[in-house]
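Here is a friendly walk through how some pieces of this protein fit together. Have the sequence and the 3D view open as you read.

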Amino acid sequence: MNHHIQNTQDPDPQFPNPNNDPNPNPQPRRLRGFAATTTTTTTTTNTTVTTNKSRKEREKEKERTKLRERHRRAITSRMLAGLRQYGNYPLPVRADMNDVLAALARQAGWTVEPDGTTFRQSSPNNNNNASNMGPYQVMSVESPVSGSSLRNCSTRASVDCQPSIPRINERLSPASFDSIVVTESETKVDKLTSTSPMNSTECLEEGQLMQELHCGEHGSGFSETQYVLVFVMLSSGVINNFCQLMDPDGVKQELQQLKSLNIDGVVVNCWWGIVERWVPQKYEWSGYRELFKIIRDFKMKLQVVMAFHENGGSDTSGVFISLPQWVLEIGKDNQDIFFTDRQGRRNTECLSWGIDKERVLRGRTAIEVYFDLMRSFRTEFDDLFSDGLISAVEIGLGASGELKYPSFSERMGWRYPGIGEFQCYDKYSLQNLRKAATSRGHSFWAKGPDNAGYYNSKPHETGFFCERGDYDSYYGRFFLHWYRQVLIDHADNVLSLATLAFEGIQIVVKIPSIHWWYRTSSHAAELTAGYYNPTNQDGYSPVLDALKKHGVTIKFICSGLQVPETDDALADPEGLSWQILNLAWDKEINVAGQNAFPCYDREGLTGLVETAKPRNDPDHHRFSFFAFQQPSPLVQSAICFSELDYFIKCMHGEINNVEC
């Protein structure tokens with residue numbers, strides 16, 4: 001009996017009394033057999049499901065973060081473009097918020113040193129006034145004037161005003177910047193803003209005087225602005241494939257209409273595929289001679305284009321002009337004379353730059369072929385050069401006559417806004433790439449990227465162009481540098497001979513506007529076209545340096561597009577144009593322009609004028625001339641003839657009102 005009681009009060013240590021257990025939540029008993037197997041499987045399944053859900057949530061959050069970052073970059077890009085264009089802020093191409101704050105501080109009268117030290121230099125009277133305003137005079141973000149006042153005090157800003165109380169023209173002001181200030185520090189700004197009125201003389205310091213214009217009838221216009229020459233491009237169909245002038249009477253009628261609009265001259269394409277069509281070094285200029293005589297009779301200036309590319313009707317004329325037939329015959333036996341994509345498809349729009357120094361064209365290199373044609377033209381029309389009729393010669397350097405690879409060929413299936421494909425797979429280009437890779441000690445780099453997508457891919461769909469993609473790897477940087485250098489070398493080689501053939505004549509080179517995917521980190525479309533311009537590179541500076549060496553004028557293609565806020569292609573034509581134009585002007589390179597698409601409406605034409613001669617530019621930069629691409633005759637007959645007259649008068653600075 002006692003033994004039984006003792007066992008009850010002192011149980012076995014393996015089975016402790018739950019009432020005496022210090023842990024109120026005892027561990028469950030370990031299961032065995034089938035029950036244990038079932039429980040383990042269930043637990044593993046639940047853990048896997050939870051892990052998968054967690055991983056998916058993280059991936060979704062990463063995508064949302066990327067979208068937010070892209071949206072932020074897009075807003076910043078538009079802000080900076082507006083500040084440069086409408087506020088006269090000397091912001092660098094890759095400006096950050098420190099540059100913006102420094103520019104704002106200097107605009108408000110502060111001194112900002114390179115290390116960030118900021119202070120105000122003012123007269124003793126001003127110091128006394130400042131002391132009466134308390135400690136917030138120095139700390140205020142918008143002192144001595146509010147953010148809206150800063151806009152009104154921008155150098156030579158265009159304003160919509162009454163004579164006594166200046167008011168800002170909201171259409172021309174970078175209003176988005178004020179929204180950033182209010183969003184980030186709305187409460188503080190309300191407390192610290194200076195009480196100085198906007199029309200106070202404090203705003204009207206030297207270099208900040210506002211241009212007051214009358215409202216209503218005489219609005220902000222282009223009257224008395226700088227004169228920009230306007231040339232109109234004639235249709236490619238005026239000369240047929242046998243170098244005959246198709247419709248002399250029609251040409252005279254068209255020139256008579258253009259003459260009545262007071263244009264400065266016309267642009268004529270001289271096609272390689274027409275002039276040297278059948279036999280090498282046998283040039284036919286008769287049709288062009290007849291055309292130029294008519295232009296001379298109308299006493300109009302002439303610009304000619306040495307067009308070494310194919311015309312597929314993209315200029316709206318619908319005329320197809322191929323490369324010379326003898327070149328196409330060579331291409332049947334040696335297809336590597338043409339640009340080639342990764343799938344091995346050949347593009348006959350122009351010759352590959354890989355044969356610039358290869359004697360594969362009946363004993364001549366491509367560079368020699370181009371030079372022989374230019375020399376023949378210079379000799380044939382020496383009288384027109386002597387008389388000053390021909391004012392400039394444009395040299396075609398690639399697809400569509402622009403300095404770029406044919407990466408966006410519609411014949412290959414490309415559609416906007418595809419990223420395009422690299423064009424370096426002909427055997428001559430691959431030999432060049434192999435040589436460059438070997439010299440770097442990495443012979444296995446002698447290939448194009450295998451994860452760069454296809455013509456209509458988007459950057460995030462590829463491993464090469466996506467965020468943190470291979471474009472920024474060691475191999476990617478090597479390949480893109482080589483790819484761009486081939487473009488630069490081609491331009492350098494051709495222009496060296498062009499300046500020799502046309503000594504003393506203005507040489508023009510056309511630069512493309514590849515603005516889609518500009519707001520992404522890789523700038524994929526620009527990369528495939530040969531411009532190594534991701535967010536951490538200035539891809540246009542080396543190209544412009546090479547062009548400046550030959551003293552050329554660059555003709556920038558103005559897209560004239562208005563991109564919506566929800567643009568799927570993340571395009572930014574305004575940001576791209578300001579990067580290229582400001583860079584060219586900083587390098588003191590002459591700049592001209594051409595519209596990418598025929599503009600029919602008043603708003604589009606006004607945008608072209610504002611690009612050609614920015615009204616708020618303190619350095620008074622402007623285009624040296626503008627080449628206007630006309631719409632097709634069918635469309636031209638349906639639009640108002642006065643629109644072109646309006647455009648020319650704006651370019652000439654002869655019109656007051658910009659309103660319809």
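What follows covers the nonpolar cores, two helix pairs and one further helix.

Please keep in mind that this is a predicted model.

**The cores**

Let's begin in the interior. In soluble globular proteins, nonpolar side chains tend to be buried together. Here the largest nonpolar core holds 154 residues, and Tyr288 and Phe292 touch the most other members. Helix α15 supplies the largest share of this core, with 14 residues. A second core, separate from that one, has eight residues, including Tyr89, Ala95, Val100 and Ala103.

Phe292 is a good residue to click on. Leaving aside neighbours within four places in sequence, Phe292 is in contact with Val268, Cys270, Leu302 and Val304, and also with Phe377, Phe381, Leu384 and Leu389.

**Two helix pairs**

The next stop is a pair of helix contacts, set side by side here.

| Helices | Angle | Axes |
|---|---|---|
| α8 (residues 248–260) and α10 (residues 286–297) | roughly 30° | within 10 Å |
| α19 (residues 602–612) and α21 (residues 642–652) | about 20° | 10 Å apart |

Take α8 and α10 to start with. Their axes cross at roughly 30°, and angles under 35 degrees count as roughly parallel, so α8 and α10 are roughly parallel to each other. Their crossing is right-handed. From α8, the contact uses Pro248, Val251, Lys252 and Leu255, while α10 brings Glu290, Leu291, Ile294 and Ile295. Sorted by type, the residues of this contact are six nonpolar, no polar and two charged.

Now turn to α19 and α21. These helices pack at an angle of about 20°, which makes α19 roughly parallel to α21. The crossing of α19 past α21 is right-handed. On the α19 side you will find Arg602, Leu605, Thr606, Leu608, Val609 and Ala612, and they meet Glu643, Tyr646, Phe647, Cys650 and Met651 of α21. The residues of the contact comprise eight nonpolar, one polar and two charged.

**A covered helix**

Which residues of helix α17 (residues 541–548) are buried? They are Ser541, Val543, Leu544, Ala546 and Leu547. And what covers these buried residues of α17? The cover includes two helices, α15 (474–501) and α18 (573–586), together with the strands β11 (506–511) and β12 (553–558). Helix α15 thus appears here as part of that cover, besides giving the largest share of the largest core.

Conventions
Residues numbered from 1 in each chain as written. Predicted model: local features only at pLDDT ≥ 70, side-chain atom pairs only at ≥ 80, totals over all residues. Heavy atoms only, no water. Axes fitted to C-alpha atoms, helices over the stretch in contact; angles between N-to-C directions. Helix = DSSP H or I, 4+ residues; strand = E, 2+ residues; numbered from the N terminus. Parallel < 35°, antiparallel > 145°, perpendicular 65-115°, else oblique. Left-handed = near helix turned anticlockwise from the far one by under 90°. Contact = heavy atoms within 4.5 Å. Nonpolar A, V, L, I, M, F, W, Y, C, P; charged D, E, K, R; others polar. Buried < 20%, exposed > 50% of the residue type's maximum accessible area, 1.4 Å probe, protein only. Core = buried A, V, L, I, M, F, W, Y, C linked by side-chain atoms within 4.5 Å.
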